[in-house]
Amino acid sequence: MHLLNLGILAHVDAGKTSLTERLLHHAGVIDELGSVDAGSTRTDTLALERQRGITIKAAVVSFPVDGITVNLIDTPGHPDFIAEVERVLGVLDGAVLVVSAVEGVQAQTRVLMRTLRRLGIPTLVFVNKTDRRGARPEGVLRELSERLAVPVVAMGSVTAPGTPAAAFTPADPAPDVLADHDDTLLAAYVDGTLTPARVRAALRAQAHRGVVHPVYAGSAATGAGVPELVAGIKELLPPAAGDPDGPLSGTVFKVERGPAGEKIAYARLFSGTLRVRDRIGADDARSKVTAVSVFADGTDTRAEAVPAGRIARLWGLTDARVGDSLGTPRPGHGRFFAPPTLETVVVPGPGTDRRALHLALTRLAEQDPLIGLRHDEVRAETSVSLYGEVQKEVLQATLADEHGLAVTFRETTPLCLERPAGTGAAAEFIKKGDHPFLATVGLRVEPAPPGTGVTFGLEVELGAMPYAFFKAVEDTVRETLAQGLHGWRVTDCAVTMTHSGYWPRQSHAHQGFDKSMSSTGYDFRGLTPLVLVDALRRAGTRVHEPMHRFRLEAPADTLGALLPVLAALDAVPDTTRTEGARCVLEGVVPAARVHALEQQIPGLTRGEGEWESAFDHYAPVAGGAVPERPRTDRNPLDRKEYLLNVTGRVGG
């Protein structure tokens, strides 16, 4: 069976959900077009999506095209939901990037196209809303080539743009862009022997490889250009590949809960065949697939098996999380977008049950692994990580609508991290000092190159004590480094175990194990945090805050008003250039300042400014007080408090 897993991507409000409705209507899957404004679309199924008129969760629906089954995935366009887009990209065979004929290339358009190009995903472009007043399809075509800096091939032209009569007229593609990527085509072009069939074959081959991007235009509202786009999807995007008889390999890209609270995993299979009653997962945590449904003709139907190339819904995988591999992991597939850099504390409203809130947040994090939860048992608080303020609003509404829980949030703060400033070492020995643990642990902490995370090594022989004790030390080191001297996660850090010691298992004649004279894993888990924070203190740590790289395009005559505001919000432009009547500024800004800038730019630029920002790196916090984060552990920074919490006594 010919399959194609197709993603619809766009900047917010470019009309991709409306295009999805039009494609389903064109294929005969639905009899009546849904409306985003009326909240009646097929793919925006969440109540909140219907209320706000935006896509929040990726949705899957299928339709047939001349014997091809197209699994179409409608994705969010708002930058706050970029995690949803990230997960979809890993399961696509091809994509349609929707651009408004009125607004043209937007900030998110650039982000998406760069990612599609980097991943080599074959992509068609659809210039939508050609029937709207102010539509400029020819100008948008130039923007695609110049501002996105990608090779595009016009597949026709628009007549009567900006009117309800706007129509798309197909035309043979020009060979010049194609010849840039094909020497034989260029030779035939130069000597005059090039034929339309040869050009079409080159277009098909280059589009399949994602080298060039065919551009269609029309209107999802009127249907203009949609038949030509559908023909292009069939001809110019490659079908799903995969050997159904090969080893099992798939990816979970979405998790949801069914009406009875059961977990349902959405997965794409790249190889092999998954059947009902198959068991998958690690040997000690294998789950049995209890039911399967696949997508066809606008709905999903129950099936006994899922072959390679298909997208399916799976029941029975109780431990499934977004990003999990089924069978053999795909080589080279990883995260494409940066993790969230903001955090806020969830505040229960009057009468809100804290346990119910904890369960609801845990389930939401289960569906979105980039919603990081942090529970503070001491203060009975939960923090969540976020991309932006819109995501916070959506989380609040989701808790209210789906779980009946009223919450508010504290002020959003940046998610910082700590890195060692130098090298520090510490050691504590059995029965020396005031600690009660039957363990000897020595650790050295030193900086590691950025991006290496936390590494753990040994300067003592592995056979010096049971392996379980070494493992207890390593696991506790990693757990303790989740909160550094200022409460932030410590990373880019090399930890080396320099001293070890234990008391072997002791027993008396005719009696059992004497725990008071024998080391256990508890001793090493209890002592390690004290030694580690002592070494960290001696090394020192520096708090780093997330920095975004920004690009701001605005009228050149607004530059004088922009620069003081950028400076006041710690944004540092490193390049400024003028392009005609517009200026372009690029630089870095602390993540904590991005929201304030986004709010001020429209007023400073008469609504003509285009702002684009994305996480770039972490930089040491400069000036002012070092940001602190409340601890949620037993606080090994306070030795007496820690020993009291862990052992019930201060020490000795």
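## Cysteines

Let's start with Cys 416: at 7% relative accessibility, this residue counts as buried, since the cut-off for buried is under 20%. Keep in mind that what you're looking at is a predicted model. Cys 493 is buried too, with a relative accessible area of 0%.

How many disulfides does the structure hold? Zero. For the record, a disulfide is a covalent bond between the sulfur atoms of two cysteines.

## The four-strand sheet

Cys 493 also leads us into a sheet, as this residue sits in β30, opposite Pro 447. The sheet is open and has four strands, in the order β26-β27-β30-β28, and its pairing is mixed. Why do β26 and β28 each have one side without a neighbour in the sheet? Both stand at the edges, β26 at 424-428 and β28 at 454-458, and each has a single partner strand, so one side of each is left open. On average, neighbouring strands here are turned by 20° against each other, if you ignore direction.

Now for the pairings. β27 covers residues 439-447 and β30 covers residues 493-502; these strands run antiparallel to each other, with nine bridges between them. Take Arg 444 as an example: its bridge partner in β30 is Thr 496. On to β26, which is joined to β27 by five bridges, again in the antiparallel sense. There, Glu 428 stands opposite Val 441 of β27. As background for reading any such ladder, side chains in a regular strand alternate between the two faces of the sheet.

## Helices on that sheet

Two helices are worth pulling up alongside these strands. α12, made of residues 467-480, lies across β27, β28 and β30, and runs at about 155° to β28. α13, made of residues 521-539, lies across β26, β27 and β30, and its angle to β27 is about 35°.

## The six-strand sheet

There's another open sheet, this one with six strands in the order β16-β15-β18-β11-β10-β19 and antiparallel pairing. Its edge strands are β16 (299-303) and β19 (325-327), each of which pairs on one side only. Neighbouring strands in this sheet are turned by 35° against each other on average, direction ignored.

Zoom in on β10 (residues 249-257) and β11 (residues 263-271), and you'll find eight bridges linking them in the antiparallel sense. Arg 257 stands opposite Lys 263 of β11. Helix α10, residues 354-367, packs on the sheet and touches both β10 and β11; the direction of α10 makes about 150° with that of β10.

## A helix pair

Two packed helices are described by the angle between their axes and the distance between the axes. For α14 (residues 559-568) and α15 (residues 591-604), that angle is about 165° and the axes are 10 Å apart. Angles over 145 degrees count as roughly antiparallel, so that's how α14 and α15 are arranged. The crossing of α14 past α15 is right-handed.

Which residues of α14 meet α15? They are Ala 561, Leu 562, Val 565 and Leu 566, and on the α15 side they meet Leu 597, Gln 600 and Leu 604.

Key:
Residues numbered from 1 in each chain as written. Predicted model: local features only at pLDDT ≥ 70, side-chain atom pairs only at ≥ 80, totals over all residues. Heavy atoms only, no water. Pairing = 2+ DSSP bridges. Axes fitted to C-alpha atoms, helices over the stretch in contact; angles between N-to-C directions. Contact = heavy atoms within 4.5 Å. Disulfide = S-S within 2.5 Å. Buried < 20%, exposed > 50% of the residue type's maximum accessible area, 1.4 Å probe, protein only. Parallel < 35°, antiparallel > 145°, perpendicular 65-115°, else oblique. Left-handed = near helix turned anticlockwise from the far one by under 90°.
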